[in-house]
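Please open the model in your viewer and keep the selection tool at hand, since each stop below begins with something to pick out. The tour moves from the whole chain to single residues and back again.

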Amino acid sequence: MNDLRFAAAIFLLLFCFKLPFFSIPAIHASSNDTDRLALLHFKQSITSDPFGFLSSWNDSVSLCDWPGVTCGRRHPRITSLDLRSHNLKGSLSPHIGNLTFLRFISLQGNSFSGPIPQQVGRLFRLQHLNLTNNMFGGRIPISLMNCSKLKVIWLYGNRLNGDIPKEIGTLRKLENFVVNKNNLTGEIPTSFGNLSSLWQFAAGYNFLSGNIPDEIRGLSSLKTFLVGANRLSGTIPSSLFNLSSLAAISIPNNQLNGNLPANIGFSLPNLRVFGVSANELSGTIPDSLSNVSRLQYLEIAANNFVGPVPTKFGNLLELRWLQLGANNLGGNSSYDWGFLTSLANCSKLERLSLAGNNFGGAFPDSIGNLTSQLRELYLGGNHIHGNIPSSLENLINLNTLSMEENHLTGDIPEYLGKFGKMQLLALRTNRLSGKIPSSLGNLTQLLTL
């Protein structure tokens, strides 16, 4: 009897130890079924699949071998769904929320429409969400803020509306937030200041209003701040210019006012892009901008800046674009051109726009000392007088030369016919005389004269 009891105890012990091993396949099968059913529901919400990319999403193929699907190494659960650029059309099924092991979703470059389902908030392992260039509408779901491991949110190029959820500040691991080209309204949430890991904030081409919040000072990792083409107003907070990590500030086409701080060039050592065109900024251009040695694109056109152009812009050896047009720069004097001498050091300069200002005096010969890499030169709408200088002939790679609406006199130079890349030549509304040079007939690429 004792032997029987002992044998029974051994059997029970072995059974208990083995039970989890017997049950694991069942658990995996059940979990695998959850993912499989979720994807089949996803497929049912697709109304057009012109390339047949999802045609093998069926029981004849193992789930982890379905196109666009990646499973984990230790379990047959789906960790990645990558369906970018397959011309898929339809809606995003709420069953997406059942794929709870997902870390990566990309539906970029398709034609998904309708709302982003609230069920995405169940994806608590999700790190990367890319729904760029679709037709999603409705609001950014607040439930998305439950996905505390999110590092990347890319919603660029959709039809989303409403506010950016103020709860965005709870996503402490967020590094990339890109919502350009939607119909978002409301203000930039102050809670963004909590996101010390955020390095890209891109919300241009929306309808955001209000001020740029001073709380932006908390974004100690920020590299790109892109909020152009909105309805932002007020002054640019000085805290933005103290973020030494910034490589790009692009806030054109808003209603921002005030002056640029005099010390702006001392706190932005990594800045490559500075774009504030088409606002209501005023004052003078800070001399300290000449210290931003990595600057490549400086665009401050269409504001109310006054005074001279800093004479040390020649220190900007990486400069490619300098756009100062449509301001009130210069004093209608020959002394306005002192900065041109230093710009000769900018050997990478491709575009120089000085149009629509108050530059005056005779056309300076120093214009010809600019780099031969220059492609576009805009000087129209000033008060420049005198002849077109012969030194301009050195800028042989110009494709755009705009000098209209000045007070230029004398003949049109014959050498303009040597500019074989010229596409736009604007000389109207001046006081030029003589004949139109026959050499202009050599400008075979000319589109506008």
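What follows is a walk through a predicted model, stop by stop, with a selection to make at each one.

**The whole protein**

Begin with everything shown as a cartoon, where the secondary structure comes to two helices and 32 strands. The radius of gyration is 31 Å, well over the 22 Å that the globule rule gives for 449 residues, so the protein is more spread out than a compact globule. If you turn the view along the principal axes, the C-alpha atoms fill a box of roughly 125 × 45 × 35 Å. Of the 449 residues, 50% are buried, and among contacts between residues at least 6 apart in sequence, 54% join residues at least 24 apart.

**A sheet with mixed pairing**

Next, select strands E1, E4, E6, E8, E10 and E12, which in that order form an open sheet whose pairing is mixed. Strand E1 (46–48) and strand E12 (183–184) stand at the edges, each with a single partner strand, so one side of each is left without a neighbour in the sheet.

To follow the pairing step by step, colour E4 (residues 89–91) and E6 (residues 111–115), which run parallel and are linked by three bridges; within this pair, glycine 90 has phenylalanine 112 of E6 as its bridge partner. From E6, move on to E8 (residues 135–138), which is joined to E6 in the parallel sense by three bridges, and here proline 115 is matched with glycine 137 in E8.

Now add E10 (residues 159–162), which pairs with E8 in the parallel sense over two bridges. Show two residues of E8 together with their partners in E10: glycine 137 is bridged to arginine 159, while glycine 138 is bridged to leucine 160. Which residues of E10 lie on its covered face, and which on its uncovered one? Leu160 and Gly162 make up the covered face, whereas Arg159 and Asn161 make up the uncovered one. The last step leads from E10 to E12, a parallel pair joined by two bridges, in which glycine 162 stands opposite leucine 184 of E12.

**A loop beside this sheet**

Go back to the loop between strand E3 (78–82) and E4, and select serine 85, which is placed there, together with asparagine 87, found in the loop between E3 and E4 as well. As background for this stop, most residues other than glycine have a negative phi. Serine 85, although it is not a glycine, has a positive phi of about 60°, and asparagine 87 has a positive phi near 55°. Are these residues buried, exposed or partly exposed? Serine 85 is partly exposed, with a relative accessible area of 48%, and asparagine 87, at 43% relative accessibility, also counts as partly exposed.

**A sheet with parallel pairing**

Select strands E14, E16, E18, E20, E22 and E24, six strands that form an open sheet in that order with parallel pairing. Strand E14 (209–210) and strand E24 (328–329) stand at the edges, each with a single partner strand, so one side of each is left without a neighbour in the sheet. For a view of one pair inside this sheet, show E16 (residues 231–235) and E18 (residues 255–259), which run parallel and are joined by three bridges, and then pick serine 233, which stands opposite glutamine 255 in E18.

**Serine 250 and its contacts**

Select serine 250 in strand E17 (residues 248–250). When its neighbours within four places in sequence are left aside, serine 250 is in contact with Phe225, Leu226, Val227, Gly228 and Gly275. For a sense of scale, draw a line from the C-alpha of serine 250 to that of asparagine 32: the two residues are 218 apart in sequence and 46 Å apart in space.

**The cavity**

The final stop is an enclosed space, and a search of the whole structure finds one cavity of 30 Å³ or more. How much space lies in the largest cavity? About 70 Å³ lies there. To see its lining, select Ile188, Pro189, Thr190, Phe192, Gly193, Phe201, Pro213, Glu215, Ile216, Leu219 and Phe225. By class, this lining has eight nonpolar, two polar and one charged residues. Phe225, one of the lining residues, also appeared at the previous stop as a contact of serine 250.

Methods: Residues are numbered from 1 along each chain as its sequence is written. This is a predicted model: local features need pLDDT of at least 70, side-chain atom pairs count only at pLDDT 80 or more; totals for chains, interfaces and linings use all residues. Side-chain values use heavy atoms; hydrogens and water are left out. Two strands pair if DSSP finds at least two bridges between them. Helices (H or I, at least four residues) and strands (E, at least two) are DSSP runs, numbered from the N terminus. On a 1 Å grid over the protein atoms alone, a cavity is a set of points where a 1.4 Å probe fits but cannot get out, and a pocket is an open set with protein on both sides within 12 Å along at least five of seven lines; lining residues have an atom within 4 Å of a point. Grid points are joined across faces, edges and corners, and a volume is the space filled by probe spheres set on the points. Ala, Val, Leu, Ile, Met, Phe, Trp, Tyr, Cys and Pro count as nonpolar, Asp, Glu, Lys and Arg as charged, and the others, Gly among them, as polar. The radius of gyration is taken over C-alpha atoms; the globule rule is 2.2 Å times the number of residues to the power 0.38. Buried means under 20% relative accessible area, exposed over 50%, partly exposed in between (1.4 Å probe, protein chains only). Contact means heavy atoms within 4.5 Å.
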